[in-house]
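Colleague: Could you take a close look at the inside of this protein for me? I'd like to know what is tucked away there and how it is held in place.

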Amino acid sequence: MAAAASSSSQQQIRPLVGAAAFLAVWCLVVGTARSSSSMQMQCHEEDQEALLAVNSALGSPYHFASWTPDTFCCDWYDVDCDNTTGRVVGLTVLGDGNLTGAIPDAIANLTNLRTLVLRHLPGLTGNIPDSLALLSNLSQLTISSTGVSGPVPEFLSQLTELTMLDLSFNSFEGTIPASLADLPSLSTIDLSRNRLSGPVPSLLLTKCCTDDQQAAYLRLSHNNFSGAIPAGFAAVSFAHLDLSRNAFTGDASGVLGKGKPLQHLDLSRNGFAFSLTAVELPEQLSYMDLSHNAIRGRIPAQVADLAGLQLFNVSYNKMCGVVPTGGNMDKFDAYSYQHNKCLCGTPLPSCGHRNF
């Protein structure tokens, strides 16, 4: 009886095993077919045509040697495609001194583009073409370390998905378009190392970054900006703020304050004039350069308690009083305090019998 029961059980199991095996093979075949189909659809014809037009406009440089009509554009060097739709969503061209010409209008035909990076291309010249206004899905735009010049274009305010704008190390002139402040998600701006001038738009970064949900990153160093920094900056949640080597004036203390997320602050080589005595410092500061300004008052004792502070420089100002001691103050030598009105105490000469 036991043998008969075992034989019957095995007869019942065999069809199940066979069915499972068939199902596994069927899934493999269908999956392979789908994968093959996906491979066939991974490069849309209009995207491939646009990229080939970009290549042609730049004189078919060796940099784009992999861009051939008989291969899928998603396999091309510098090109990134969406895994689901197969559309080109990223174009990143880096580090080629032999690539020359203007930014091709054909890039605008990559209508699904989210990231455009053109960096370390010194032979890339001319203005940013107005055609790029058609890239309505663009979230990150980098044109850096090139020969591109002209104004920062007004049409950038039409790119409502933009979160990051890097136009550093170029030859841009003129002012920052006030309309950039209209972009609700733009939280990172780098315009450093250009020839820009004038004031900073009063509402810049105030739409994206006035709460703890989004930190702001602003780099404007090595330009010719002037005037006071916007009063609205006091409400912006900066994590990184570099305004160095410009001609800013007035009171910049509003960007400081207890509880703010600020980690990196560089206001050096401007004409800022305010008292530091009563200013509270953000607890997360790791870099603070206020040198070469007209800042007065004392160094807040709180500096000694900022455990993460790696650089602190208030040299070439008009400050007075005793340099704080203890905590992390041993990290900073006399260079951090030199050429002030009457700072004293370690690591500077003794204060003697002076009263402050």
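Modeller: Sure, and one term before we start: helices (H or I, at least four residues) and strands (E, at least two) are DSSP runs, numbered from the N terminus. Keep in mind that this is a predicted model.

Let's begin with a charged residue. Aspartate 96 sits in the loop that runs between β2 and β3 (101-102). Is aspartate 96 buried or exposed, and which side chain of opposite charge is nearest? Aspartate 96 is buried, and the nearest side chain of opposite charge belongs to arginine 119, 15 Å away. A salt bridge needs the two charged groups within 4 Å, so that distance is no use for making one, and aspartate 96 indeed has no salt bridge. Its side chain does have a polar partner, though: one of its polar atoms is 2.8 Å from the backbone nitrogen of asparagine 98. Skipping neighbours within four places in sequence, aspartate 96 also touches His63, His120, Leu121 and Pro122.

Now for the greasy part. In soluble globular proteins, nonpolar side chains tend to be buried together. Here the largest nonpolar core holds 93 residues, and Leu91, Leu218 and Tyr337 have the most contacts inside it. Several elements give two or more residues to this core, including the helix α2 (45-57) and the strands β2 (88-94), β5 (140-150) and β12 (238-242). The top contributor is β4, with four residues.

Tyrosine 337 is worth zooming in on. Once you set aside residues up to four places away in sequence, tyrosine 337 touches Ile299, Phe312, Val314, Ser315, Val323, Met329, Phe332, Leu343, Pro347 and Leu348.

For a contrast, look at alanine 65, in the loop between α2 and β1. Its relative accessible area is 46%, so alanine 65 counts as partly exposed. Alanine 65 and tyrosine 77 are twelve residues apart in sequence, with 8.4 Å between their C-alpha atoms.

Last come the sulfur links. How many disulfides does the model have? The count comes to five, and I'll go through some of them.

One joins cysteine 208 to cysteine 209, with the sulfurs 2.0 Å apart. The torsion about that S-S bond is about -85°, so this disulfide is left-handed. Cysteine 208 counts as buried because its relative accessibility is 11%, and cysteine 209 counts as buried because its value is 0%.

Another joins cysteine 320 to cysteine 342, at an S to S distance of 1.5 Å. This pair ties together distant parts of the chain: cysteine 320 is in strand β19 (residues 318-322) and cysteine 342 is in strand β20 (residues 342-344), 22 residues apart. The torsion about the S-S bond of cysteine 320 and cysteine 342 is about 95°, so that link is right-handed. Cysteine 320, at 19% relative accessibility, falls under the 20% limit and so counts as buried. Cysteine 342 is buried too, with a relative accessible area of 17%.

Then there is the link from cysteine 344 to cysteine 351, with 1.9 Å between the sulfurs. With 100° about its S-S bond, it is right-handed, and both of its cysteines are buried.

If you number the bonded cysteines in sequence order, the pairing simply goes 1-2, 3-4, 5-6, 7-8, 9-10.

Technical notes. Residues numbered from 1 in each chain as written. Predicted model: local features only at pLDDT ≥ 70, side-chain atom pairs only at ≥ 80, totals over all residues. Heavy atoms only, no water. Core = buried A, V, L, I, M, F, W, Y, C linked by side-chain atoms within 4.5 Å. Buried < 20%, exposed > 50% of the residue type's maximum accessible area, 1.4 Å probe, protein only. Contact = heavy atoms within 4.5 Å. Lys, Arg positive; Asp, Glu negative; His and termini not counted. Polar contact = N/O pair within 3.5 Å; in protein donor to acceptor, adjacent residues only side chain to side chain. Disulfide = S-S within 2.5 Å.
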